[in-house]
Amino acid sequence: MESKEVEGFRIAAAAYCEFIDSCSSFDEKETLITLLSIASRLYTEAFELPEVELEEGHAVDVDFSLPEVIFQKHNVYKEIFNPYHDTTPVNGCLDDDITDIYRDIKKGLILYEQGHGIEAVWEWKFSFEVHWGEHATSAIWALHSINYQ
């Protein structure tokens, strides 16, 4: 499946995964600012992904390993899990956010590279709406706080 919107997201997803693959330690300010920029772009590009439907029973499985990410002193942050229903802060973890985003995005990249374009777009869009989008907003907020507060 080819479109300007899909290509924009694919480029952002590839940049995100390449950055995470190449940088195991996120302690330097420049690295944290770059991660904030890449995660923000990925999140923004996800809004443009088109709706697609999968053929019933047409699932493709992919296997890959997750990179190790280390945030050291910046890993754990406080957040309100559901800002409309919860009042007690909980701990969030940047390493969990970043690897969960990576897992969902990388799966779609592999599917796309294998010629399963519709499956890749469906995976990206579905996982954005139900999983990695929330991790992205939490990570973006925490990274913004690290860099600008």
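## Two buried helix positions

A14 sits in helix α1, which covers residues 4-22. This description comes from a predicted model. A14 counts as buried because its relative accessibility is 16%, and buried means under 20%. Between A14 and K106 there are 8.0 Å from C-alpha to C-alpha, although the two are 92 residues apart in sequence.

S138 belongs to helix α4, residues 117-148. With a relative accessibility of 9%, S138 is likewise classed as buried. When neighbours within four places in sequence are left aside, S138 is in contact with Y77, E79 and D97.

## A salt bridge within helix α1

The model contains five salt bridges by the rule applied here. One of them joins the side chains of E7 and R10, with an N to O distance of 2.7 Å. Both residues lie in helix α1, three residues apart, which corresponds to about one turn of the helix.

E7 has a relative accessible area of 29% and is therefore partly exposed. R10, at 23%, is also partly exposed. Both values fall between the limits of 20% for buried and 50% for exposed.

## Salt bridges that reach helix α4

K125 and E51 form a salt bridge in which the closest N and O atoms are 3.7 Å apart. K125 lies in helix α4, while E51 is in the loop between α2 (29-46) and β1 (76-80), so this pair ties together parts that are 74 residues apart in sequence. The two partners fall in opposite classes of accessibility: K125 is buried at 12%, whereas E51 is exposed, with a relative accessible area of 64%. E51 and K125 also belong to a network of salt bridges together with E129.

A further salt bridge is formed by the side chains of K107 and E123, at 3.6 Å from N to O. This pair links distant parts of the chain, with K107 in helix α3 (residues 94-113) and E123 in helix α4, 16 residues apart. K107 counts as partly exposed because its relative accessibility is 24%. E123, at 12%, counts as buried.

## Helix α4 in brief

Several of the residues described above lie in helix α4, including S138, K125 and E123. S138 is buried at 9% relative accessibility, K125 is buried at 12%, and E123 is buried at 12%. Their partners include Y77, E79 and D97 as contacts of S138, E51 as the salt-bridge partner of K125, and K107 as the salt-bridge partner of E123.

Conventions:
Residues numbered from 1 in each chain as written. Predicted model: local features only at pLDDT ≥ 70, side-chain atom pairs only at ≥ 80, totals over all residues. Heavy atoms only, no water. Helix = DSSP H or I, 4+ residues; strand = E, 2+ residues; numbered from the N terminus. Buried < 20%, exposed > 50% of the residue type's maximum accessible area, 1.4 Å probe, protein only. Contact = heavy atoms within 4.5 Å. Salt bridge = Lys/Arg side-chain N within 4 Å of Asp/Glu carboxyl O.
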